[in-house]
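Pull the model up on your screen and keep the sequence next to it. We'll walk through it a piece at a time, starting with a single residue.

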Amino acid sequence: MSNVAGAPGSDGTTEPQPAVERRTSETLHFAKRNPKLLIGSGIVLILLLLGLIGPLFVDHGPNVYIGPQSQPPSAEYWLGTTTFGQDIWAQFVYGLRSTFMVGFLGGGIAFVIGTAIGFIAGYKGGIVDEILNMLTNVVLVLPALVVLIVAVAYLDIKGVFVQSLFIGMTSWPWAARAVRSQALSLATRDYVDLARLSGRRTGKIITTEIAPNMSSYLVMSFILLFGGAVLIAAGLDFIGLGPTDGVSLGLMLQNSFTWSALHLGMWWWFIPPGAGITAIVGSMYILNVGLDEIFNPKLREL
Amino acid sequence: MLELSHVHKVYRVGAFGGSTLRAVRDVNLVVKPGEVVSLIGESGSGKSTIGKMVLGLTKPSQGTITFEGKDVTRLRGFGEKKEYYRHVQGVFQDPFSSFNPIFKADRVFEMIRSSYFPDVSDADWREKVLDVIGTVRLDPANVLNKYPHQLSGGQLQRLLIARALLLDIRLLVADEIISMLDASTRIDVLNLLADLKERGLGILFVTHDLSLGNYVSDRSVILRKGAIAELGPTRRVFENPLHPYSRHLLSCVPQLHRTWAEVDAELAANPPEDVVLPTVSEGDDSAPLVEAEEGHFVGIDQR
Ligand SMILES: Nc1ncnc2c1ncn2[C@@H]1O[C@H](COP(=O)(O)OP(=O)(O)O)[C@@H](O)[C@H]1O
Ligand SMILES: [Mg+2]
């Protein structure tokens, strides 16, 4: 009596390959052919490696007055020296390190707060959604940079960690909004209701039913938050509110401007940090566009 | 067992939730153990909304829903809900959207296992799963270890029924479960529902298809624009529809041995005895019923 033989797709021979595997390999197929993704991730990876490995080959601290003053790049000092005789290459690789740190930490904190709030608001709806929405809007319209400046000025921020924490806590709202709207639409799917009927907890439903269905979205949000955190940190450093113990690309820029590198024609002082920040943020955005094209079939160039 | 009392559901619609839509209006309804009650109405009449409220997936705006004396709308916390779902299960209207596309379809069984049967051994569990799959007359080789898109709507629908049967349920909310099935499987599933009924399950059988309602149910409820138009023993409702809307619906069912003209002529020749429908004043959201014959009620006429 069972009439399965006639039902479409039931003969078991049509699609031997499971969907997830197939989807992954398809994504990989397009990923390998997407120049934006390859270029973007290539640059990010090279800079990241430089920041991770570079400092290991520098046998003095980045701020040590080590050599002759105001030297242009040479075989000994690859990127020259500052007015005070500091090795700019050393500053650059250490600066990359702390810039990536701010990106990962600041972007990561913003990502955690933003997605948590977005998921809860979108999934729970109703009054919870309204309250979280209000909170999001308040933080969104706060002039975050001003708050950061005030907080940083009063709290006498010492390290990259505290700076990242502040950046993370102020830059999550748009991510929360984006995640909320996605979660809102996914939460109405019947499989979410079915999971509820199966005695699943809210947290588990969010992490196993909703989040995996918007993973590309989450990856892209993180990348944008990362780039945003790097830029905000550079801005703070540049106006003199950066970490006081250490070095970052923003601080290098600030120092070079403070000591008139521009007027003195010491291009080797301000170009590396500026180019470094631009390269990180720029390639992150290129990477993001590439990911968008891969995840979103409509944008794929055929 | 299940009792809905003056249940309303008002949705906020429009860009800023400015306007409202009364999807369910003053519904009173009882389902007893071993009874199949069909909820019949065209699409948009609020059938699925009633099902969702019974399943505790959305809260009524007004009114109470009780299951075995407990207020379903007041289930507090995760534990109480979980216990409720041990006894009350549902099968949704759209089988394709009932499965998470990124996982294999038989994960719906695993979820039941991890929540309700964590201690059952692998072998015992497999036997249990094969058993319910057999009950819904599926071939395990065809449906296990497959992704949802590899299965047909009918297969998915029956997997969902099988899933509900894993639990010791007392009430099943079946939302249009056979509209996706082809004719011969339909009969299978209807027979299965009859078996379940024999076992003492209450079934709320949602359908837009009048002839199906006729086939399985003890009592029928005809729903129009969220309110009950007619409610009574299925046989009486079908043989002697009292509400103009029910008459209209029944006259729309094509009949094999008669042409439309003959049906119309017959209706005109002997118009059904008229009942006085209850009325409500403008702005009153209630929907009273009057008892025309024993257990057979008619509701308001909405335009
Ligand atoms: N979540 C919702 N928000 C707003 N309106 C809804 C929602 N769900 C259903 N509705 C509306 O309620 C009415 C009844 O819907 P539903 O219960 O799905 O009807 P049926 O199952 O009988 O086709 C429809 O007009 C529908 O548009
Ligand atoms: Mg429906």
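Is B:Asn145 buried or exposed? B:Asn145 has a relative accessible area of 52%, so B:Asn145 is exposed. The cut-offs, with a 1.4 Å probe and protein chains only, are under 20% relative accessible area for buried, over 50% for exposed, and partly exposed in between.

A word on ground rules before we go on. This is a predicted model, where local features need pLDDT of at least 70 and side-chain atom pairs count only at pLDDT 80 or more, while totals for chains, interfaces and linings use all residues. Residues are numbered from 1 along each chain as its sequence is written, chains are lettered from A and ligands numbered from 1 in the order in which they are written, and side-chain values use heavy atoms, leaving out hydrogens and water.

Back to B:Asn145, which sits in the loop between α5 (140-143) and α6 (153-165) of chain B. Helices and strands here are DSSP runs, numbered from the N terminus: H or I with at least four residues for a helix, E with at least two for a strand. Take a look at the backbone there: phi of B:Asn145 is near 65 degrees, a positive value in a residue other than glycine. Most residues other than glycine have a negative phi. B:His6 is another non-glycine with a positive phi, about 50 degrees. B:His6 belongs to strand β1 (residues 2-13) of chain B, and with a relative accessible area of 44% B:His6 is partly exposed.

While you're in chain B, look for two lysines parked over rings. The test is that NZ of Lys or CZ of Arg is within 6 Å of the ring centre and within 35 degrees of the ring normal. B:Lys52 lies over the face of B:Phe92, 5.8 Å from the ring centre, and the charged end of B:Lys82 is over the ring of B:Tyr116, 5.7 Å from its centre.

Now swing over to chain A. Its secondary structure comes to 12 helices and zero strands. Of its 302 residues, 46% are buried. A contact means heavy atoms within 4.5 Å. Among chain A contacts between residues at least 6 apart in sequence, 72% join residues at least 24 apart.

How do two of these helices sit against each other? Try α7 (residues 173-186) and α10 (residues 215-238) of chain A, whose axes come within 11 Å and cross at roughly 170 degrees. The axes are lines fitted to C-alpha atoms, for helices over the stretch in contact, and the angles run from 0 to 180 degrees between N-to-C directions. Angles under 35 degrees count as roughly parallel, over 145 as roughly antiparallel, 65 to 115 as roughly perpendicular and the rest as oblique, so α7(A) and α10(A) are roughly antiparallel. On the α7(A) side you'll find A:Trp174, A:Ala175, A:Ala178, A:Val179 and A:Gln182, meeting A:Tyr217, A:Leu218, A:Ser221, A:Leu224 and A:Leu225 of α10(A). These residues divide into eight nonpolar, two polar and no charged; Ala, Val, Leu, Ile, Met, Phe, Trp, Tyr, Cys and Pro count as nonpolar, Asp, Glu, Lys and Arg as charged, and the others, Gly among them, as polar.

Stay on α10(A) for some ring spotting. Rings of Phe, Tyr and Trp (its six-membered ring) pair if their centres lie within 6.5 Å, and planes under 30 degrees apart count as stacked, over 60 as edge-to-face and the rest as tilted. The whole structure has 14 aromatic pairs over all chains. In one of them, A:Phe222 and A:Phe226 have ring centres 6.2 Å apart and planes at 65 degrees, so the pair is edge-to-face. They are four residues apart in helix α10 of chain A, which means about one helical turn separates them. A:Phe222 is partly exposed at 23% relative accessible area, whereas A:Phe226 is buried at 1%. A:Phe238 and A:Phe257 are also edge-to-face, 5.3 Å centre to centre with 80 degrees between the planes. That pair links distant parts of the chain, with A:Phe238 in α10 and A:Phe257 in α11 (residues 249-258), 19 residues apart.

Last stop: helix α8 (residues 190-197) of chain A, where seven of the eight residues are buried. After α8(A) comes A:Gly199, with a positive phi near 70 degrees.
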